[in-house]
Amino acid sequence: MASNRFVILGIAVILLPTIAMATEYIVGDDKGWNIGVDYQAWAKDKMFNVGDSLVFQYDASKHNVVKVNGTAFKDCLAPPDAGLLTSGNDTIVLQTAGNKWYLCGKVGHCAKGQKLSISVMDMSAPQPSPSSAARGIVFSGSFQLLASAFVLLKAFV
Ligand SMILES: *[C@@H]1O[C@H](CO)[C@@H](O)[C@H](O)[C@H]1NC(C)=O
Ligand SMILES: *[C@@H]1O[C@H](CO)[C@@H](O)[C@H](O)[C@H]1NC(C)=O
């Protein structure tokens, strides 16, 4: 029983930083994904990181969501229908850092402001894993040195 609790505690300690880091943003909060919401104002004070997700909630008979490039965003051009999200409750996990652009592909909606542009940062970039990998290389390097010294020693004897 006690050891079970330790296992659970151990798992929690491992998972906790990941859970604490990933934020789920409901786009537009309680206003959802609609016409008449200022999404730049909504995004302005938020910090988007890799691993966070955007949840677009909307009336599926009226709106949709599509990820576009910066040019298409500026000109409100929805691509024919590639990558169109239409469930009314779409979660997009932010996989990479950089600028991301989304708009509603329904005619005229983007021009009326149903568009969102965000900048995603990679907060996990300075991770401890590369340094421990480097340590591994150093360790195996010194082991090789030791091994070759041993071979050299044997050759002399
Ligand atoms: C941006 O997206 C539009 C519409 O899908 C496409 O026609 C255009 O080639 C893209 N531009 C760049 C620079 O990828
Ligand atoms: C939206 O989907 C998420 C899971 O992706 C679910 O937890 C949530 O309850 C859904 N919300 C609505 C309003 O359907």
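Which residue in E5 stands opposite Ser-53? In this predicted model, the residue opposite Ser-53 is Val-93 of E5. The strand E5 spans residues 89-93 and is joined to E3 by 5 bridges, with the two strands running antiparallel. E3, formed by residues 53-57, also pairs with E1, residues 24-26, and here the sense is parallel, over 3 bridges. Within the pairing of E1 with E3, Ile-26 has Val-55 as its bridge partner.

The chain as a whole contains 4 helices and 7 strands. Their order along the sequence is α-β-α-β-β-β-α-β-β-β-α. Of the 157 residues in the chain, 17% are buried. When contacts between residues at least 6 apart in sequence are considered, 73% of them link residues at least 24 apart. The average pLDDT of the chain is 80, and 65% of the residues reach a score of at least 70. Confidence stays under 50 in pLDDT over residues 132-141, and for this segment the model has 0 contacts beyond four places in sequence.

A further set of pairings involves E4, E6 and E7. Strand E4, residues 66-68, is connected to E6, residues 98-103, through 3 bridges in an antiparallel arrangement. Val-66 of E4 is placed opposite Leu-103 of E6. E6 in turn pairs with E7, residues 115-121, again in the antiparallel sense and over 6 bridges. In that pairing, Tyr-102 stands opposite Leu-116 of E7.

Val-66 and Leu-103 recur in the largest nonpolar core, which has 17 residues; together with Phe-56 and Val-65, they touch the most other members. Two or more residues of this core are supplied by each of E3, E4, E6 and E7. Beyond its neighbours within four places in sequence, Val-66 contacts Ala-78, Pro-79, Gly-83, Leu-84 and Leu-85, as well as Tyr-102, Leu-103 and Gly-105.

Pro-79, one of the contacts of Val-66, is also among the residues surrounding ligand 1. The other residues around the ligand are Val-68, Asn-69, Thr-71, Ala-72 and Leu-77. By class, this shell comprises 4 nonpolar and 2 polar residues, and no charged residues.

Two loop positions were examined individually. Val-37 is located in the loop between E1 and helix H2, the latter covering residues 39-44. Val-37 is classed as partly exposed because 17 other C-beta atoms lie within 10 Å, a count between the limits of 12 or fewer for exposed and 20 or more for buried. Apart from neighbours within four places in sequence, Val-37 has contacts with Gly-28, Lys-31 and Trp-42. A separation of 9.3 Å is found between the C-alpha atoms of Val-37 and Lys-112, although these residues are 75 apart along the chain.

Asp-59 occupies the loop between E3 and E4. This residue has 10 C-beta neighbours inside 10 Å and therefore counts as exposed. The C-alpha atoms of Asp-59 and Thr-86 are 9.2 Å from each other, with the two residues 27 apart along the chain.

Methods: Residues are numbered from 1 along each chain as its sequence is written. Chains are lettered from A and ligands numbered from 1 in the order in which they are written. This is a predicted model: local features need pLDDT of at least 70, side-chain atom pairs count only at pLDDT 80 or more; totals for chains, interfaces and linings use all residues. A residue is near a molecule or strand if its C-beta atom, placed from the backbone, lies within 6 Å of it. Ala, Val, Leu, Ile, Met, Phe, Trp, Tyr, Cys and Pro count as nonpolar, Asp, Glu, Lys and Arg as charged, and the others, Gly among them, as polar. Two strands pair if DSSP finds at least two bridges between them. Two residues are in contact if their C-beta atoms, placed from the backbone, lie within 7 Å. pLDDT is the predictor's confidence in each residue, from 0 to 100. A nonpolar core is a set of buried Ala, Val, Leu, Ile, Met, Phe, Trp, Tyr and Cys residues joined through C-beta atoms within 7 Å.
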